[in-house]
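Colleague: Could you take a close look at one chain of this model for me, and then follow its contacts outward to its neighbours? I would like one connected account rather than a list.

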Amino acid sequence: MTRRSRRSALAAAAVAAAVVLSACGAGGRPDGGSGTDAAPAVGITDTSVKIGAHFPLTGVAAPGYSEIPTGAKAYFDFVNAAGGINGRTIDYVFRDDAYNPTQTSQVVNELVLQDQVFALLGGLGTPTHSAVLDYLNSEGVPDLFVSSGSLLWDQPAKNPQTFGWQPDYEIEGKIVGQYVAQNFPQAKVGLFLQDDDFGRDGELGARRFLDKQIVAAERYTPGNTDVAPQIAALQAAGADLVIGFNVPSYTALSQLQSLRLNYKPQWIYSNVGSDPGLVGSLLARFSEGAVTDAGLLDGVITTEYLPGVDAPDDPWVQLFQRVWDEHGGDGELTNYRIYGMSQAYTFVQALQAAGADPTRESIVAAVERSGAQFQGPWVAPFRYSADRHAGVSGVEVARITGGTTESLTPVLVTDNGDAPITEATGEPAAPPANGIPAAPPAG
Amino acid sequence: MQQFLNVTLTGLGQGAVYAAFALALVLIWRSTRVVNFAQGAMAMFTTYLALTVIEGGQSYWVGLVVALVAGLVLGAVIERLVIRPVEGGPELNAVIVTLGLFVALQALAAILFGSTFRSFPAPFDLRGFTVGGVNIAFTPNSIYIIVAVVVVMLALVALFRFTDLGLKMRAAAFSQEVSRLLGVPVGRMLTLGWALAAGVGSLSGLLIAGGSLVFPAYMDAVIVYGFVAAVLGGLDSPAGAVVGGLTIGLLLSYVSGYLGSELVALAALAILVAVLLVRPQGLFARTAARRV
Amino acid sequence: MSQQTDEPAAAQASSPVATGAPRPGPLAAVRRRLPRSTFGRHALVVLLALVAVVLVLELTSPFRNSQFATMSYYAIAAAGLTVLTGLNGQISLGHGALMAVGAYTTGLLLGDDGTGLPLLLVMVIAAAVTALVGAVVGAAAARLHGPYLAGATLALAVAVPGLAIYFDHTLGGEQGLPVASPDVPDWFADAVYFLSANETPTAKYLAYLGWGTLLVVLLLLANLMAGRIGRVWRAVRDDEVAAELAGIRLGRVRVLAFVVSAVCAGLAGSVLGVVVRLAAPSGFTIVLSLGLLTAVVVGGLGSLEGALLGSALLVFLPPAVTNLGIGAGLDGTQAAQLAPFVYGVVLVLVMLLAPSGAVGVVKKLWNRSRTNRRGPSTRRTG
């Protein structure tokens, strides 16, 4: 007993000392908070602007996706080397969330509170980014160009700070669905879906055209690498065409499992899961198991909305190749790095559009005002306006053959809901000579 | 019917691996009364060593040998360095030490080998057989897995039944005091027991990895399933571990195939709780009752 | 309650704790003025701690505030776990799962937009629901020992997140259940402004919420531990047979310890939910459970101060270690793994070298210095 009370007494003495000390401190402080009224804009100075992002650098979604921020970083370094935008260099911080929503929440906390970023750019993932959606909007942090095609990012009334970027999974599902309905009218369609909004939105789009043809919809949980039951169920349901809305690792896993089951449907993977280079490299190592090359993906159908490294003559790819050669780190230019650079390119345009002295409010307003006119490597325009925050409006359907892709359709443009699917009009944009987008015309 | 067949065959293949893993747990439990929760992490680590060797241009079989030898060494070193001091102490201390090893090894693997998913080669074809026009989820690689596990088990049986060394190890595990009096080097036998167990564990890690993706946490669930299998068979019984492993493999495969893969871990928990409450000595215990 | 007869065993078990005779000295004067009852003394310490919390939270940045909020939920859960493992001798690797119960209950009751029940009521309900789950788990666990209990609770930790995926319509599947972040009540912001002339952003309010909960939990646990129940728990841990002979019903005592511990885990999960704004399976992996175990082992099993210290390490050590790693030339993702590596190594080393943890070591040094030195010492009182 005596020791206990001694301890209490000691603690009491220590705390009392602390109280006295801090009371002195408090007495010395001005109590008006003068000078803090006009709070300086967060994350932006006359010479720099700091933006943040969360990406899976480890874990199940890291293959491929971890390359996106390296591409964005290379492009920002390229812009900074040319003097930055309006005299400001772009300071790009990206942190690892391991595709784990709980970790995303902590990481974004750090970006906003510790790093004090001006805006978030391209935070990746549907389950991950939805965990911080409310937070970013309640803190008033511009949440630009989320790296995910969920419909969640297009809710300007509820989430005024958040903007989508890539074609959303619903319109991708619609375009794929229509393609299948027209070209494989007899097919029994199976769906292989990630068990979250990614899979749900894609299914929603595909069912608009294929509801009667779909014989099975199987879902996997990211992180659980055993997809044997799902593939077996698709096979058991007799599906002879499978549409996958999944991340790249699961393209490899589903292919491996199909091999095991001698299951050979026509595979269609959404853009997200279909990068031939990456999936091929995951599958290629099974060489002794008689999977000799990426040939497994030969004949797989997918969609595209950015030029890829298989088209080295494309002027955008040439620009990005130059950027990567000059400012990239280890490794080759990949489709994921092109994705990151394209996002960075969009951000630079938004920053230009926000004028000489951007604020968090003005950059959001600028994207709403002129975002629909942004020109870049994407095949169809964004759908940004005051009451829409949706990204690229179309994709083209393509087939993978021998590591490259060949177009099966022209660029098809549509919108959410019942909007019809039409062929894109207008010419593709050419990159500016210096590789940096010019400020848009005022107004 | 085809699905039932496929689910069953998949379960058998997984069961063989769980059996090997459970066997490793049982070997350690018999010799030192410690449940080695670091078993999965140790196996993961040696599998990464094998992967490094294979990516360096060596064949799968060289990788296999490297993993097994590394497993033996790792097991012996861990027993000598960190298990020996807590042997015979409060049982909680040994549990916490193995958990610490688990956490440390997993993090070390992520530092040394990276934490992204990497593919691990399989030595045999991954394409399923076709029998009479019906595809079955049974591949040449599955046969390899089962054969490998059976060979290891037979070798262990031979070691324990027919060799002098095996007799000494059994004696050391049975009664340390008596064995010491009879001149058995008990300490050395315990180290050997850990080494053998870690070797068997390494094999199971390698077999699971073959033709699939590896990452530092890929053995996490296997620890739980292997533990459940070992408890089901009676933590003391090697034969029980084998039967337990096959049973768990089949049951979990049915759960995964018919109820949903997210329920697999829950099913394992349910089996474990049922066994511990209804027949705590396991299916194959020699003694009538055991303190759990 | 027929536990009258347990006193001898309990007293025997706790007797080694009481050492050292009162000596005259400057402390004596302070001690005379302290409240006589245990509860009174604990309450005084907690009150003073509250003052310290206010000072720290008001003087640190919003980012530190959010770190303190994180520390608070680790500490709440670790306090519960240290009581279970350290005092009652039951290990649990399943506390992450119990926290998940608390977090999901909170998310469901608060509603999407925070229009559900008031937060405090929600937290109480979350604790109650987790207590119920804890009673069921505890009833099964009461019959198990050491490695069996560890394995079973490990299975629990791995299995429970699967439920959230199976019932994805109510629980949000892998994506998780968004938890509405509470608004800062006006009276609270006013009170803080009155005290410190500072505004109260949400991050700071959450830190207050977490620490308020933590202090209440610590107060209650400290009293429980100092009282008869604590003695019974220790008696069961130290010698089951003696305890049973003394008339203690082992099963009941064990279940009670598990329930108390589960209540803490439930509260911790509830705080985690509102701080992280999300209850998702990925937040309650075995990494969380093992982290909690690390905290209580490193701090010293059975010690509330140790639990506090351990959870501080869980929050503040990783950034420091990660920076060291980056300084040493590791890349970001490698450096991020240094912290768990250190945890694992420390866990092993503590068990081999100092099983009583940091608090145990400090106590030992303290006692040694007391026996070595004679006469009043001014240094210790400062």
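**Chain A and its contacts**

Modeller: Of the 443 residues in chain A, buried residues make up 60%, a value that, like everything below, is computed from a predicted model. The secondary structure of chain A comes to 14 helices and 15 strands. Among the contacts in chain A with a separation of 6 or more, 70% are accounted for by residues 24 or more positions apart.

Within chain A, four strands form an open sheet with parallel pairing, in the order β2-β1-β3-β4. Its edge strands are β2(A), residues 89–96, and β4(A), residues 143–144, each of which pairs on one side only. The pairing of β4(A) is with strand β3(A), residues 119–121, in the parallel sense and over two bridges; in one of the residue pairs, L120(A) has D143(A) of β4(A) as its bridge partner.

Chain A is also divided into two domains: domain 1 takes in 48–167 together with 308–392, while domain 2 covers 169–304. The C-alpha centres of domain 1 of chain A and domain 2 of chain A lie 27 Å apart, and the contact between them takes 17 residues from domain 1 of chain A and 18 residues from domain 2 of chain A. On the side of domain 1 of chain A that touches domain 2 of chain A, at least two residues are supplied by each of α2(A) (62–65), α5(A) (126–130) and α13(A) (335–353), and the largest share, three residues, comes from α5(A). By class, this side of domain 1 of chain A has nine nonpolar and eight polar residues, with no charged residues.

Turning outward, 30 residues of chain A are in contact with 30 residues of chain B. The elements of chain A that give two or more residues to the side touching chain B are α2(A), α9(A) (228–236), α10(A) (248–260) and α11(A) (276–284), so named in the DSSP numbering of helices from the N terminus. Helix α10(A) gives the largest share of that side, five residues. The residues of the side of chain A that touches chain B divide into 17 nonpolar, nine polar and four charged. Helix α2(A) therefore appears in two settings, supplying at least two residues to the side of domain 1 of chain A that touches domain 2 of chain A and giving two or more to the side of chain A that touches chain B, where helices are DSSP runs.

Chain B in turn meets chain C, with 40 residues of chain B in contact with 39 residues of chain C. Helices α4(B) (91–113), α9(B) (220–233) and α11(B) (264–278) each supply at least two residues of the side of chain B that touches chain C, and the largest share, 15 residues, comes from α4(B). By class, the side of chain B that touches chain C has 32 nonpolar, four polar and four charged residues.

One of these helices, α11(B), can be followed in detail. Helix α11(B) has 15 residues and reaches 21 Å from its first C-alpha to its last, close to the 21 Å expected at 1.5 Å a residue. The buried residues of α11(B) include V264(B), L266(B), L269(B), I271(B), L272(B), V275(B) and L276(B). What covers the buried residues of α11(B) includes α9(B) and α10(B) (238–259), together with α7(C) (146–166).

Notes: Residues are numbered from 1 along each chain as its sequence is written. Chains are lettered from A and ligands numbered from 1 in the order in which they are written. This is a predicted model: local features need pLDDT of at least 70, side-chain atom pairs count only at pLDDT 80 or more; totals for chains, interfaces and linings use all residues. Two strands pair if DSSP finds at least two bridges between them. Domain bounds come from an automatic or database domain assignment. Two residues are in contact if their C-beta atoms, placed from the backbone, lie within 7 Å. Ala, Val, Leu, Ile, Met, Phe, Trp, Tyr, Cys and Pro count as nonpolar, Asp, Glu, Lys and Arg as charged, and the others, Gly among them, as polar. A residue is buried if 20 or more other C-beta atoms lie within 10 Å of its own, exposed if 12 or fewer, and partly exposed in between; C-beta atoms are placed from the backbone. The expected span of a helix is 1.5 Å times one less than its number of residues.
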